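Open the model in your viewer and keep the selection box handy. We will go from one selection to the next, with a short look at each stop.

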Amino acid sequence: MKCLVTGAAGFIGSSLSEELIRLGHQVVGVDCFLDYYPRMFKEANLEQLRASSQFTLLEQSILEADLDSLLSGVEVVFHLAAQAGVRASWGKNFEIYTENNIRATQRLLEACKDIKLKKFIYASSSSVYGEVRSLPMKETDYPSPVSPYGVSKLAAEHLVYLYWKNFNIPTISLRYFTVFGPRQRPDMAFHKFLAASLMNKPIELYGSGEQTRDFTYIADIVRAHILAVESSAEGEVFNIGGGNRLNLASAIAVIEQIVGRKLTIATRPAQKGDASHTYADISKAANILGFQPMVSIREGLEREFVWLKNFWNKNKGKEDVYR
Ligand SMILES: NC(=O)c1ccc[n+]([C@@H]2O[C@H](COP(=O)([O-])OP(=O)(O)OC[C@H]3O[C@@H](n4cnc5c(N)ncnc54)[C@H](O)[C@@H]3O)[C@@H](O)[C@H]2O)c1
């Protein structure tokens, strides 16, 4: 199968691309290397991929690329490219989100409407829910994002649905719940906590630590995509959660066990745009896709720590990249 992976240099896009290649598929990646976090992380993500003859990468934005030639012969599109990050999405920055999350998605969907695809998978997010009345979050809950980022992900999800409804593009949207594991983005909490512990720095904890997240291990997220391609579902939205719901204070305790010492915590006020809780009801994904998460928080964090230690062993002297 020939697949297009947008955002292929990123945390999840590169992990998915590697798995597709392992399964024997051809992968065309596209990524414009947005500067939201340092390029050195994305180059490291691409190291193995660049060595594979099954992988090609176009360094360009979806907003400008010649999509007809990019999509030539492609059977499955995995649309993961986006400007990520909740807290940075306020103010003037919102334009980066509308361009890369909404307009880029519309441009890609337009280019897909006249070709025969097996599947178009869109990387949606738990951030589309906002503060729901009761947990766990179900696909039938009214989405009410609390951040501009969440609004942009929901708008693109609606576009994906529209292009299924009107042009029969066989779409599926996967709402990922906080993804962690090797290659996690450097702006995300676990990466920052593990890096701070390696560098003997205090960690910053926003809010009380009581906020909960449903943490999902990267390999579980990747497997959900493979299941989605094989399923006969179309025009559907699925929660993809890890079944690892815990509050940040408890997650820090697990990290302290893994790194073998207490972390110094600097508390900061809660940030606008952060939902208080996320928790996925994954029964729809279990019933229709056959999805079940397999990796626990402890096991996944141990693997992330090993990856981060290796990363910094190879990149000594460049540690000054964390904001
Ligand atoms: N990481 C999570 O916990 C999480 C949770 C929910 C949803 N998501 C979604 O998953 C996807 C991947 O997230 P990630 O954590 O791997 O982020 P990431 O920033 O590591 O990867 C996204 C990649 O997309 C690229 N990109 C952005 N706009 C582009 C454009 N216009 N053209 C080409 N490339 C472009 C960026 O350069 C980046 O490399 C995103 O759509 C994100 O919204 C992530």
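Start with the strands, shown as a cartoon. In this predicted model, 7 strands make up an open sheet with parallel pairing, and their order across the sheet is β3-β2-β1-β4-β5-β6-β10. Which strands sit at the edges? Select 55–58 and 236–240: these are β3 and β10, and each of them pairs on one side only. If you look across the sheet, the twist from one strand to the next averages 20°.

Now zoom in on one pair from the sheet. Select residues 76–79 (β4) together with residues 119–125 (β5): the two strands run parallel and are joined by 4 bridges. Show V77 and look across to β5, where F120 stands opposite.

Keep β5 in view and bring up the ligand. The surroundings of the ligand comprise 31 residues, and those that come nearest are G7, G10, F11, A81 and A82. Which elements supply at least two residues each to this shell? Colour α1 (11–22), α4 (94–112) and β5 to see them. The most comes from α1, which gives 3 residues to the shell.

From α1, move on to helix α2, residues 39–50. Select F41, K42, N45, L46 and L49, which are the buried residues of this helix. Look down the axis: these residues cover an arc of only 125°, so they sit on the same side of α2. Their packing partners are α1 and β3, and that second partner is the edge strand you selected at the start. Then turn the helix around and select E43, E47 and R50: these exposed residues are on the face turned away from the buried side. A general rule helps here: an α-helix has 3.6 residues a turn, so residues three or four places apart point the same way.

Last stop: helix α8, residues 248–259. Try a distance check between its end C-alpha atoms, which are 16 Å apart; this agrees with the 16 Å expected for 12 residues at 1.5 Å a residue. Which residues of α8 are buried? Select A251, I252 and I255. Viewed down the axis of α8, they fall within an arc of 100°, so they line one face of the helix. To see what they pack against, add α6 (189–198), β11 (244–247) and α10 (297–314). Finally, step just past the end of α8 to G260, where phi is positive, near 80°.

Methods. Residues numbered from 1 in each chain as written. Predicted model: local features only at pLDDT ≥ 70, side-chain atom pairs only at ≥ 80, totals over all residues. Expected span 1.5 Å × (residues − 1). Buried ≥ 20, exposed ≤ 12 C-beta atoms within 10 Å, placed from the backbone. Arc of directions from axis to C-beta. Contact = placed C-beta atoms within 7 Å. Pairing = 2+ DSSP bridges. Axes fitted to C-alpha atoms, helices over the stretch in contact; angles between N-to-C directions. Near = placed C-beta within 6 Å.
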